[in-house]
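Hi,

Here is the structure I promised to pass on to you. Have a look at it first, and then read my notes below.

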Amino acid sequence: MTLDGAALEQLRKRVRAGGAEKYHAANAAKGKLFARERVAILVDEGSFVEDGLYANALAEGLPADGVVTGTATIDGRQVCLMANDSTVKAGSWGARTVEKIIRIIERAYDTGVPMVYLVDSAGARITDQVELFPGRRGAGKIFWNQVRASGSIPQVCALFGPSAAGGAYIPAFCDVVAMVDGNASMYLGSDRMVEMVTGEKTTLEAMGGARVHCAESGVGHFLCKSEAEALDVVKRYLSYLPANWTQQPPVAAAVEAPAKADLAALVPASERQAFDMRRYVKGLLDEDSFFEIQALWAKELTIGFGRLNGEVVGVVGNNSMFKGGVLFVDSADKATRFVQLCDAFNVPLLFLSDVPGFMVGSAVEKQGIIRHGAKMITAISEATVPKICVVVRKAYGAGLYAMAGPGFEPDATIALPSAKIAVMGAEAAVNAVYANKIAAIEDEAERAAFVAARREEYERDIDVVRLASELVVDAIVEPQELRAELVRRFAAARGKQRHFSRRRHGVTPV
């Protein structure tokens with residue numbers, strides 16, 4: 001078939017229009033944008049070069065086979081992207097859809113640029129399963145390529161609608177996932193399938209909605225109010241990362257910390273009094289630079305990117321506002337993944353410790369707290385980027401290990417004057433050692449005096465000056481001096497040797 005200019009333009013117009021108008025209207029009623037509008041908002045104007053525009057062009061009602069793929073720039077930096085078109089068969093996958101997605105991930109990997117996934121898909125077309133599902137270039141190859149690309153190039157997903165069945169693994173293999181509240185969902189089986197298989201009656205929102213995954217399962221990282229916010233998350237996330245693992249994170253203009261930040265005043269003297277580590281982080285970093293990740297999940301641990309004097313750092317901090325800052329199964333997993341992300345993309349790590357240790361008890365033991373804690377400690381050990389441990393208030397028990405304590409080769413262990421490092425807190429220690437003697441003292445005043453004396457002895461034993469004299473900590477720094485100290489120490493560690501171990505890879509305690 002020969003096309004003249006007018007016929008070709010008509011074909012292009014038809015393909016770029018996507019599905020029928022009724023599907024556009026239905027999406028608009030839900031506050032959803034057209035796939036090509038999402039791309040236009042995300043990328044620099046005029047930079048998008050589309051691949052596979054005419055995929056399945058001879059078929060009726062399958063323009064571009066339901067997915068937009070191509071290259072573009074975001075803030076002047078090259079990326080590859082895919083965007084499901086939910087006006088075409090609900091964004092479902094056919095054989096050419098799969099091939100287009102495979103090709104664009106391969107291009108991102110081969111050229112060393114970030115891969116962006118704009119997902120809104122009902123999953124595979126059952127009618128086309130033989131063509132798209134089992135073969136060497138079938139749907140499984142998408143995930144194989146994502147795994148190969150993981151840690152080599154940044155992969156970020158914005159989820160605007162469903163990501164169903166096997167397609168749910170596209171977001172799962174990404175570094176981070178931004179989900180639009182009310183519209184986005186991830187699930188392996190639909191509500192109808194769940195009822196048929198298990199008898200459970202549920203809904204897609206209750207089972208796999210954005211809030212569920214961002215606050216309960218941890219598969220989602222950002223709960224967004226709108227599609228515009230989700231697209232902004234993609235832009236901001238990429239602004240902290242290099243194009244690929246061989247490069248350094250982009251440097252921004254140096255900005256001072258907030259002028260009104262009083263770090264000393266933020267930390268209560270009493271261990272029993274909680275404080276919000278997020279406020280501490282924001283007061284320490286360049287103003288308005290903290291980009292928190294997974295803010296709604298495992299809130300006892302705060303993680304995110306920020307900048308110190310314009311240089312990117314990854315922050316891991318215990319937050320005593322939630323569960324006393326104790327580490328649980330989920331918070332251990334949260335830290336593990338973030339530390340691996342930073343180490344993959346050359347982002348130095350800053351640990352801010354105020355940790356009583358890992359949670360104890362039968363419930364967490366059955367959940368595998370030892371295994372999950374070991375996983376976190378493995379990630380800390382294997383991370384070869386510059387890493388600095390700051391003991392803000394306390395680091396007790398294995399919590400010290402999990403926060404990159406001295407035994408894990410940090411580039412420095414810094415203690416604030418309020419810092420305490422010990423196997424456990426004074427109260428617990430005195431009770432553990434003297435429980436029988438305390439119980440035998442009948443006079444209440446005498447008992448209280450005995451306990452107070454033993455606690456004082458214990459506090460002297462773990463005195464921060466003694467720890468510095470024994471070279472357990474490398475410096476004792478006043479809160480107002482901490483920022484400048486970190487800037488200098490991270491600068492000094494920038495060229496460190498990154499080799500860790502003589503091996504192919506370890507056996508992770510997953």
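Let me start with Tyr-237, which touches Val-156, Asp-175, Val-176, Phe-291, Phe-305 and Leu-341, leaving out residues up to four places away in sequence; contact here means heavy atoms within 4.5 Å. Besides that tyrosine, there is another core to look at, apart from the one I describe further down: this other core has 31 residues, among them Val-67, Ala-149, Val-177 and Met-179. A nonpolar core is a set of buried Ala, Val, Leu, Ile, Met, Phe, Trp, Tyr and Cys residues joined through side-chain atoms within 4.5 Å. Buried means under 20% relative accessible area, exposed over 50%, and partly exposed in between, with a 1.4 Å probe and protein chains only.

Before going on, please keep in mind that this is a predicted model, in which local features need pLDDT of at least 70 and side-chain atom pairs count only at pLDDT 80 or more, while totals for chains, interfaces and linings use all residues. Residues are numbered from 1 along each chain as its sequence is written, and side-chain values use heavy atoms, with hydrogens and water left out.

The largest nonpolar core has 73 residues, and Tyr-237 is one of those with the most contacts inside it, together with Leu-118, Phe-305, Val-316, Phe-338 and Leu-349. Helix α14 (residues 329-344) supplies the largest share of this core, seven residues.

Now the whole chain. I count 21 helices and 16 strands in the protein; these are DSSP runs numbered from the N terminus, helices being H or I with at least four residues and strands E with at least two. For 510 residues, a compact globule would have a radius of gyration near 24 Å, and the protein agrees with that at 26 Å. That radius is taken over C-alpha atoms, and the globule rule is 2.2 Å times the number of residues to the power 0.38. The C-alpha trace spans about 100 × 55 × 45 Å along its principal axes. Of the 510 residues, 51% are buried. Among contacts between residues at least 6 apart in sequence, 72% join residues at least 24 apart.

On the outside, the protein exposes about 23,900 Å², with carbon and sulfur atoms supplying 54% of that area; the areas come from the Shrake-Rupley method with a 1.4 Å probe, and for residues only the protein chains shown count as cover. There are 58 positive and 61 negative side chains, and the centres of the two sets lie 4 Å apart. Lys and Arg count as positive and Asp and Glu as negative, without His and the chain ends, and each charge is placed at NZ of Lys, CZ of Arg, CG of Asp or CD of Glu.

Two loop residues may catch your eye in a backbone check. Most residues other than glycine have a negative phi. Asp-75, however, has a positive phi near 55 degrees. Asp-75 sits in the loop between β2 (67-74) and β3 (77-84) and counts as exposed because its relative accessibility is 56%. Lys-89 also has a positive phi, near 50 degrees. Its loop runs between β3 and α4 (95-111), and Lys-89 is exposed, with a relative accessible area of 54%.

Three buried positions are worth a visit too:

- Gly-112 lies in the loop between α4 and β4 (115-121) and is buried at 13% relative accessibility. Beyond four places in sequence, Gly-112 touches Ile-153, Ala-243 and Asn-244.
- Thr-413, in strand β14 (residues 412-415), is buried at 1% relative accessibility. With residues up to four places away set aside, Thr-413 touches Cys-389, Gly-405, Pro-406, Val-472, Val-473, Asp-474 and Ala-475.
- Arg-454 belongs to helix α19 (residues 444-461) and is buried, with a relative accessible area of 17%. Neighbours within four places aside, Arg-454 is in contact with Val-430 and Tyr-434. The C-alpha atoms of Arg-454 and Gly-189 are separated by 58 Å, with their positions 265 residues apart along the chain.

Best wishes
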